[in-house]
Each structure stands twice: as structure tokens, then as C-alpha cells.
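Visitor: Please walk me through this one, starting with the cysteines.
Guide: Sure, have a look at it first.

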Amino acid sequence: MGSPKCPNLNRVLQRLVLFSMFLPLVMVSVAAIGIVGLRGEQAIKKELRQRAQSMAWMVEQHLEQATNSMDAVARVAQTAPSQLQAVMQGIWAACGCFDTLSLLDSSGRIKSLVPFDPGSHGRDMSNHPYFKQNKNKNLTISRPFISNHTGKSTVYLVRKLSQGGFVVGELNLEALQNKITAKKHAMDQGSVFLMDQSGTLLAHAGPSPAGQKTNRESPKLYPGEDSSETTLVYEYGPKSVLGSAVRVEQTDWVAVVQIPMFTALSSFIWALALTLPVALGIWPVLSWNLRKQLNQRIVAPLVALNRGAGALANADFDRSRAMASMPAAFSELTALSNSFQRMTDALEVRQSALQESEKGYRTLFEGLPVSLFRSTPAGQFLYVNPALVRMMGFPDQETLIKTNSKNIYPNPVEREQWRSLAERDGIVRDFEVQMQRFDGTIISVWLTCRTVWDSEGQVLFYEGNFEDVTERKKLEAQVRQSQKMEAIGQLAGGVAHDFNNMLNVIIGYAELTLMDLDDDNPMCGRIKGIHKAGMRSMELTRQLLIFARKQIINPKAIDLNTTLQGMLSLLERLIGENIDLLWIPGVDLWPVKMDPSQVDQILVNLCVNARDAVNGPGKITIETQNIEFDAGYCTEHEGFIPGRYVMLAVSDNGCGMDKQTMDKIFEPFYTTKGQGQGTGMGLSTVYGIVKQNTGFINVYSEQGHGTTFKIYLRRHDAAGIDDIMETRPVVPLLTGDDTILLVEDESTALEMTQTMLEKFGYTVFASSSPVEAMHIAEKNSDKIKLLITDVVMPEMTGRDLADNLTARYPKLKCLFMSGYTSNVIVHQGVLDDDVNFIQKPFSSRELATRVREALNS
């Protein structure tokens, strides 16, 4: 729905200016007209009131003259009745305003009349309405009437005498009429008249007004009891007039002056006629000028601000700032412009910060090695980062976004499971699923995501990350296998050590017994059987020690090709005539450092297993090769370690192995052969030798296609190859008469070894405690030539004991003995060059030889 159309500011201001200028001008004009009219009206009212007051005063003077004349007649009538007629005649003639003067008795009959009229003498006047109504008053004025004598408008003035009777004057209003007419002539327009309370005209500037009624509205002019004058507008005939009425004293008469309303409003009309054209003439000029000023001072700055806002919306901050910097005439617009510029500056800073933040977040999103995504409940990807594209093997982000995420789950149930958890709990962590890469390979992935809802509780999308744990799971399996093998090795080493001590006693006593028996003694056969079993058990424990990497070795720098070449004839006899032995030596093979006897053990065990796997005619291949692995190769290939190696591979075309068998082949005593056909120690021995020499071994096998064992031994960088062809000559049993200090914590082994040494002619000080041995050495230091000590003992190690004694007695020689390796005298199973050592269990000949070698060293 679009925005409502807004009016143009310029047009709005134009209309506002026109209206705002018109209204004040009209108001000023009306006010001026009103003031002029009001003042004109007030002046006219004042003038009318003054004229009415003047006319009322004139009537009052006229009435006062007549009243004074009647008062004179009344005095004469009361004081000099005989002169009354003459006085009345004189007053009538002098005053000139009376048509008649008469004297009435108390009953209302005429007693005297001027001018004299015989027919009126004695007439009864008491029946006249005005006489009946006003006979109790001192002075009464009658209603106007037309005189019978003159035919003029007339009124009676009646004065009551104190002695009874009345003086009556028939007052002719013609003189008053003439004076009113003169007043009228002084006015340009309007009329003047005299009327009584009932609205009857007494005098008018027209012919014969007596007895005529004024307009019906005229009585409104009659002042109230509390006022002597009034001025108002009323209808007079067909016209509206403005009239002013003033009460005549001592009468119910009023003097009225009135003019037409048009005349009264003439000043107002003239003011209106002059003011409106002037105002209408000024209005466009002022409006145009005000519009120009408003356009220049308001519209133009606002338009500039609007353009600046448009530029600001387009992030054109320089143009926005330029638009906002246009000068404004008003402080409010200046403040608005300043605020706009500050807003522009602030927005520029914020946009810059926002761009940096967006760039940082985009860089983080695009460059983060974690696979990030956002997808809808329908499975549509909304956002994916390059890490996810790489993990899934897609060519680009667009291709992955167009792919519905449902299609990358080999098992769609897994997606529904994590969706249910995410919608229930809001978040799901490390949920393992299987996903299919672009090339079709299946990988194991940990999913962590959260659910985002809208305001109505509907799911908008899921967002989170995938972590490829395929390699991790393989490494975990390797670690578990390694830990299992290490645990088995620890167990095997411990068992072999303890068992070696027992075998040492068994073999030693068997040999001592055989020395004491003649060859024809029936017990010799039995003792030899015991000795043979002990020697076989000794070989088994040595294999356990090899697997546990606790066998003492004496490594040398050797050429593996030369060593293997010398074993080929032995191996051919070992595997039999039905199997061909193929030897493929590598060219310019790098040297390796290891005990040559261990090479023999590796080849013998692998070839024996290959022979058993072929089980008939077949082929066994032995080859060597120089191999170098970099970090990238090792990352992509499980089990490989970067470095330079010499590879020894033994392959056969036998029956092969399944995965379950391959997972257990290096475990001690594990065998797939029948009962009595193998000990299960062959491959565990190979595994122990390779690990002890810091190498690694990989197995490749398929059922029905044979097996290949590849052993990788680290290249030895030191120059030269050790001569390993020397053989030790067989010497007769060596004896001596030297004094030996023997230290062994195992009592049976101590006793047996002491007996052997004494058989050889040596003097022996035996001790089961290192501390005791130190006391013995202190007492016999001049006698003891050789220290024979076990390596591992409770109180202190054999090496510590030797160091203590040799520090005191530098000429003392030492021979160490142990059932397994110890870092006390060896490092990683490799014997130090200057250490004399004999491995348990040992024979009497081996002991005699090692003792003599130590004494002669």
C-alpha cells in the first residue's frame, strides 16, 4: 500500500500566505470600518440627541410662557376677581399663544371667557374626558385636538384654583409647529416632531399633525420612568430610522428627532467603500512579497534539506552536508540545518563503523573455518559460508544454496530428529548425522543450531554450524586402539617382569642342580625337562616385553637391504618350496637405526603369517623403498606421520582378512589359527618392535586377495653404517675369585644368584636392601670389586645405589640386572653405551660371562 500523496509545501505556503494576508487585511478593514462606523454612529446619535434636547427645551420654554400667563390669571382670579376679565384680555392679547382663556367654577361651568363668546358662557365643561381625568391636578395638559375656533392643533392647559374652580387655556400649537418646522429645515434629512406618551403627534414639520398617530414602533422611543431620553433604531413606515427622544418637563410629551438608517450609516458605507478596495489592492502585493520571502527563507532551505536527506539516504555525505549548509533566515531553520549536519556527521561515522563491522562480520562469516548455515523448515538454504561449501565439496555457494538440504541426508530421519529437538528445546548441540558430499561420499557431521520463531510462534529458520568429525572419529578409533594396545602392553610388561623373576630362579636352580648331578643320574632327564620348559617360557616373556616395548635393545645404524639379503636363505627354508619368495630391494636406500635382531624378528614373524595365509602354492614379496610424507599427505591419509622413512613391505596373495580381524591382529595372544598352531604373539611382537623404534605400521587386506604389511622406519641421518657381521666367540665358563656385592629385593632370586656366583668361585656379600648394601660396602670397601644390583627396588633404584657407591669408591665396577627396561639405565628401551646390563631371566653361563666382562671393563 503506497504512501498518501502529500501536498506541495510551496503551494501550501502560497495558500497560507494568501489566506493569512487576506484575513488580517479583512480584519483590519472591518475594524477600521467598524471604528469609523461606530464613531459616525456615536456622532449622529449625539447630534440627534442634542437636536432632540434643543427641541424639548424649546417646547418647555413655550409651555413655561403659557403656564406663567395662566398663573397670572389664577392669581388675579383669587385676589382681584373684578379685574379678571381685563387681565385675561390683556394676557390673551399679549401672549398670542392661546386661542381662548376661560375661568370655570368648581362645578366645571364657564364663568368668564376671552375672547368673549356669549354662547359659551355657562357651558358645562366637566363632562370632557381630560377634565374628569385631570381635575385633581394643579396643572393638566389635555390630549391634542383640532380647535373649533381656529381649526388648528390645540391642547388645553388646566390650572386648578385653591378656592375652587379652574383656569383653562386653549393653547394653540401652531406657534410650536412653526418652530419645529424651522428645526426641520436646519436638517438635511430626517424629521422632527412632538408626541405624547400614546404616540399621538402634537407638532410636526408637516401639515395638520394634531391627532395623528406615529408609526407603531414610535412608542418605543418614549423614555422610561428612570430616564428622560432615549436613542434607538426602529421601523418608521417602510424604512428603518435612527431616532432620539427627549422628555419635555412637567408633561408626558417627548421631542423626537429621527433620520433614515442609510443616512446614519453613510459614514460607515463610505469607509467601507474606501477601505475594501485599498485592502484588496494591498493584499496581492503583500502576499506576493511574503510568499517570496517565505520561499526564500523557508521553502528553499527546506528543499535543500530534503535534497540533503536524499543524498544522505544514498550515503552521499559530502553532498548532504553541502545541501544542509545553505544559509537560513530563521534561527529554528539554522538550528535544524546544524542538527542535520551533526546528524550527517554522526551517520557518516556510524556508517563507517557499520561498514567496518559488516566487513568484519562478513570476513568472519566468509573466512571462519567453521561451516555455517541458515535454512528454512522446508530445507531451503538461505545462507552458507565457504567453509560449508568446501566441507560438502560443492563447486560454489550458489550451487549449494540451490540444493535442498533434505537431499544431503542419506537418512532423512536424522534431519527430522534434530529438527524436533531444536523446535522443542530451542537449540541442539553436537547432534551427529550422516551427510552426503557433492561427490557422493558419506561423512560424519556434528550439528549445532538454534531455532528462530516469528511473533506468531511459527518457525522462520534454523541457523548454526556443521562440524566434519569423520577424521576425528577415525582418530578416536585409532586412539582407542592405541590405548587398548598400550594397556595390554602395560599388563604384558608387568606380567613378564614378575614372571621373569620366577623363571630366573627356576632356570638358575635347574642349571645348578645339573652341575651337581652325573650324566647317568636318572634325575638329569627330569631336570633338563624343567630347564627346557623354563627356557621356552623365557622366550615367551621376551616376546611380551617386545610387544610392551620394554625389551632392552642395542640399536645400530644399518642398511636394511644388506640385513634382509642375509636372511633370504633362512626365510626360503622357513616358508617352504611351494611358495615363491620375491625380493625387491630399493635403490640408494636410506640407513635406519635399530637392533638387527629385531629386523630378524619382524621378517620371521611376517613371513610365517604370510606362509600360513597362503596355505599352499603362492607368492610372498619383500620390498624396500625410500618414502617421504608431508603434512598435507598425512592429513588426508589416516595413520601416516610426516617425515622421511624407509618402507619395508611384506605381501602375500593368501586368503586375506576381514575388518573385524584386522582390528585385533596386534593384540597379544590373538590368533586365527587352530589349537596348538600358534601363540598369538607374532604380530604383537612386530607391533612392539616398530613402535619401540618410533615407526608405524599399516595393514592392507581384502578377503580372497591377500595382505600387505607396510612398516615405516625413520631414516637415520648420521653418516656411516655399523658393522653388524661380527660374532662373539664361544668361551668356556668363566670363573674368578673376586668379591662381589649382590643386591636383589626378591629373596629367592637373591639366593639363587648368590649360589651361582659362589659356584663360579666368587666371594659374595648378599643383601635384599640398598641401605644395608651401603653399610656392607662401607665395611668391606677394600674387598668388593663389583656391584651387581637389581634396577627397580623399593628403597632406591639400582642406579642411585650405584651412583652413591661409585662416588665413594671410584674403582667399583657395576652390573645391572632387570626383568624389563627402565629409564633409570636406558632411554626409550635403548641401552646406554657405558652400562653393563644382563636381562632376566639369565643362564649361569650368561651370568658368568657378564660378570667377567664387567670386571674386565
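## A few odd corners

Visitor: Does C814 count as buried or exposed?
Guide: C814 has a relative accessibility of 14%. The cut-offs are under 20% for buried and over 50% for exposed, with partly exposed in between (1.4 Å probe, protein chains only). So C814 counts as buried.

Visitor: Before we go on, what kind of model is this?
Guide: Residues are numbered from 1 along each chain as its sequence is written, and side-chain values use heavy atoms, with hydrogens and water left out. Local features need pLDDT of at least 70, side-chain atom pairs count only at pLDDT 80 or more, and totals for chains, interfaces and linings use all residues, this being a predicted model.

Visitor: Back to cysteines, how many disulfides does a search of the whole structure find?
Guide: The test is a pair of cysteine sulfur atoms within 2.5 Å. C655, for one, is partly exposed at 46% relative accessibility. Over the whole structure, the number of disulfides found is 0.

Visitor: Which helix gives the most to the nonpolar patch?
Guide: That patch of about 340 Å² is made by F499, M502, I506 and I530 (accessible areas by Shrake-Rupley, 1.4 Å probe, only the protein chains shown counting as cover). Patch residues have over 30% relative accessible area and no salt bridge (Lys or Arg side-chain nitrogen within 4 Å of an Asp or Glu carboxyl oxygen), and nonpolar side chains (Val, Leu, Ile, Met, Phe, Trp, Tyr) are joined within 5 Å, like charges within 9 Å. F499 fits, because its relative accessible area is 36%. With 3 residues in the patch, the helix you want (residues 470–516) is α12.

Visitor: Which residue does a cis peptide bond join to V114?
Guide: Most peptide bonds are trans. Here omega is about -5°. The partner lies in the loop between β2 (110–114) and α3 (129–134), with helices (H or I, at least four residues) and strands (E, at least two) taken as DSSP runs numbered from the N terminus. The partner is P115.

Visitor: And where is D588, with its positive phi?
Guide: Its phi is about 50°, although D588 is not a glycine. D588 counts as exposed, at 66% relative accessibility. D430 also has a positive phi, near 50°, but D430 is in strand β14. D588 is in the loop between β18 and β19.

Visitor: How many of the chain's 857 residues count as buried, as a percentage?
Guide: The chain holds 23 helices and 30 strands. Its accessible surface comes to about 45700 Å². The buried percentage is 43%.
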